[in-house]
Amino acid sequence: MASGQLFSRTTQALFYNYKQLPIQRMLDFDFLCGRETPSVAGIINPGAEGFQKLFFGQEEIAIPVHSTIEAACNAHPTADVFINFASFRSSAASSMAALKQPTIRVVAIIAEGVPESDAKQLISYARANNKVVIGPATVGGIQAGAFKIGDTAGTIDNIIQCKLYRPGSVGFVSKSGGMSNELYNTIARVTDGIYEGIAIGGDVFPGSTLSDHILRFNNIPQVKMMVVLGELGGRDEYSLVEALKQGKVNKPVVAWVSGTCARLFKSEVQFGHAGAKSGGELESAQAKNQALRDAGATVPTSYEAFEAAIKETFDKLVEEGKIPPVKEVTPPQIPEDLSTAIKSGKVRAPTHIISTISDDRGEEPRYAGVPMSSIIEQGYGVGDVISLLWFKRSLPRYCTQFIEICIMLCADHGPCVSGAHNTIVTARAGKDLVSSLVSGLLTIGPRFGGAIDDAARYFKDACDRSLTPYEFVESMKKKGIRVPGIGHRIKSRDNRDKRVELLQKFAHTHFPSVKYMEYAVQVENYTLSKANNLVLNVDGAIGSLFLDLLAGSGMFTKQEIDEIVEIGYLNGLFVLARSIGLIGHTFDQKRLKQPLYRHPWEDVLYTK
């Protein structure tokens with residue numbers, strides 16, 4: 001066991017098992033104390049590497065993350081404290097691995113419930129190699145104004161109230177981490193504050209004892225008096241009794257062993273800690289308090305009198321001139337986290353993204369305000385979800401059915417169209433699903449799929465301006481623009497596109513009005529007089545019928561309809577639909593284990 005001070009203002013630690021809050025609390029304490037360097041040198045997160053962003057005062061810093069203890073110790077040879085936040089299942093193995101590193105001097109084990117056999121092995125190895133184990137089941141320790149372990153001493157407000165940002169004259173050791181916070185407050189009220197405080201942990205076999213730390217404090221010149229908080233169960237306090245009797249401690253000790261109420265119970269009592277279990281008279285709080293009193297420690301008659309006993313001892317040392325006045329300092333203001341400040345209403349921060357279609361902050365996601373459970377319970381379909389996420393409203397059932405029909409009809413058009421061809425070639429090159437899909441989607445444009453938007457745009461403009469089919473087609477011809485939605489490479493007057501017929505049939509049956517569709521048919525009649533293949537194609541049918549859906553539903557203003565067409569909603573419908581087929585082609589090629597595609601020479605015209 002170390003014989004003197006464990007920590008200093010330059011102590012650095014390795015933090016095992018990333019926990020954002022306790023690490024940030026350590027860094028905030030560093031800043032509060034005016035440390036020049038952060039106390040956390042590195043983080044060990046098994047299986048992960050890189051950096052973790054945290055704050056050191058106002059400055060955002062990147063702390064290295066290592067995947068193994070060995071790598072972290074090699075990278076940070078000056079870090080000699082290992083703070084272990086692993087669970088009780090793995091904390092023993094990781095703690096032993098840390099103890100075996102030559103650079104590690106102190107290991108703090110936060111987990112409680114570490115198997116007793118494992119704890120004994122850790123203690124034995126540490127003592128044989130002159131290393132210190134704090135815990136298991138500890139909140140850690142603190143050297144005021146210098147270094148603290150994890151969540152020790154709680155919030156920044158509590159730390160400031162306890163004056164832990166600068167050193168005092170009292171050495172404090174306790175079995176209980178929770179009671180440590182209470183005693184830090186008590187000591188700060190009646191003395192000049194803590195110099196060092198340690199919670200040894202509440203398990204049956206702690207890595208270091210109360211007397212270990214009292215003997216250390218006795219060798220630290222800045223510590224003028226010691227305060228001890230024990231508890232019933234075990235016999236750790238008797239080692240302190242022996243040290244006092246043998247004269248190994250020459251500074252005042254004020255002690256109290258909690259659990260005196262155990263005698264009020266008729267049966268054996270188990271308090272919060274594994275070690276706080278009454279087991280015979282010698283392990284009772286009363287017996288320990290009397291033994292400490294007989295050995296020369298100042299022991300009050302009750303916990304309520306503990307504070308007065310501490311004050312009396314401190315005041316006497318001040319009168320004797322053994323404790324010089326501590327120079328008070330004003331700690332710097334710790335910047336408040338933005339999220340905390342926003343919640344408390346102290347600041348207004350602008351957001352970076354606006355979302356009006358979905359919200360996943362509550363108990364369940366919502367699409368345009370509709371809870372996910374309602375979507376399932378009410379039997380909503382894909383068309384309903386599209387209407388919520390694209391149009392931010394629940395469209396009538398015939399509208400969502402029409403959307404679903406469009407998706408089904410446009411899902412695929414065979415392997416020879418450009419999008420499917422590119423997807424197939426990419427898949428056969430060994431690329432993944434997303435790469436293959438994107439390869440096909442990138443071919444969507446004015447000549448493949450993307451004509452739906454243009455068809456809707458031009459048909460709407462012409463119809464709204466009451467242009468005759470002749471005026472519309474001829475004006476487009478003068479501009480050198482092909483009429484979108486008209487013309488097909490295969491289909492003709494005598495070989496109509498079945499998809500167009502199905503869409504028209506559904507619309508005539510369910511839509512309140514098909515004004516734009518009828519205008520598109522009039523345009524088709526005119527273009528067929530010029531060429532047999534200038535038929536209304538599926539792009540033109542969807543484009544014109546979507547205009548009828550938007551206008552006939554009565555749920556959209558004229559401005560909203562113009563915006564929907566302009567933004568590209570209708571093309572989005574084709575992109576969504578065709579993705580189904582492109583994914584299918586990718587799976588088809590993977591399933592068939594097709595080799596790398598190479599275009600045949602005979603299908604290429606080589607010319608000069």
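**Helices and strands.** I began with the secondary structure of this predicted model. I found 23 helices and 16 strands in the chain. Next I looked up how spread out the chain is. The radius of gyration is 39 Å, and the globule rule gives 25 Å for 608 residues. The value for the chain is well over the rule, so I noted the chain as more spread out than a compact globule.

**Box.** I then looked up the box that the C-alpha atoms fill. Along the principal axes it is roughly 120 × 55 × 50 Å.

**Burial and surface.** How many of the 608 residues count as buried? I wrote down 50%. For the accessible surface of the chain I noted about 29,900 Å². Carbon and sulfur atoms hold 54% of that surface.

**Contacts along the sequence.** I took the contacts in the chain with a separation of 6 or more. Of these, 73% are between residues 24 or more positions apart.

**Charges.** I noted 65 positive and 64 negative charges in the chain. Their mean positions lie 4 Å apart.

**Helix α6.** I picked out helix α6, which runs over residues 177-190 and has 14 residues. From its first C-alpha to its last, α6 reaches 20 Å. That is close to the 20 Å expected at 1.5 Å a residue. Which residues of α6 are buried? I listed G177, S180, L183, Y184, N185, T186, I187, A188 and V190. I also looked up what covers these buried residues. The cover includes the strands β8 (140-143), β10 (170-174), β11 (194-199) and β12 (225-231). It also includes the helices α5 (156-161) and α10 (306-319).

**T586.** I turned to T586 and located it in helix α23, residues 569-591. Is T586 buried or exposed? The relative accessible area of T586 is 1%, and buried means under 20%, so T586 is buried. I set aside residues up to four places away in sequence and listed what T586 touches. The list is T423, A427, L433, S436 and L437.

**T527.** My last entry is T527, which sits in helix α20, residues 515-528. Its relative accessible area is 3%, so by the cut-off of under 20% T527 is buried. Which residues does T527 contact, leaving aside its neighbours within four places in sequence? I noted V473, I486 and L534.

Terms used
Residues numbered from 1 in each chain as written. Predicted model: local features only at pLDDT ≥ 70, side-chain atom pairs only at ≥ 80, totals over all residues. Heavy atoms only, no water. Helix = DSSP H or I, 4+ residues; strand = E, 2+ residues; numbered from the N terminus. Rg over C-alpha atoms; globule rule 2.2 N^0.38 Å. Buried < 20%, exposed > 50% of the residue type's maximum accessible area, 1.4 Å probe, protein only. Contact = heavy atoms within 4.5 Å. Areas by Shrake-Rupley, 256 points an atom, 1.4 Å probe, with all protein chains shown as cover. Lys, Arg positive; Asp, Glu negative; His and termini not counted. Charge placed at Lys NZ, Arg CZ, Asp CG, Glu CD. Expected span 1.5 Å × (residues − 1).
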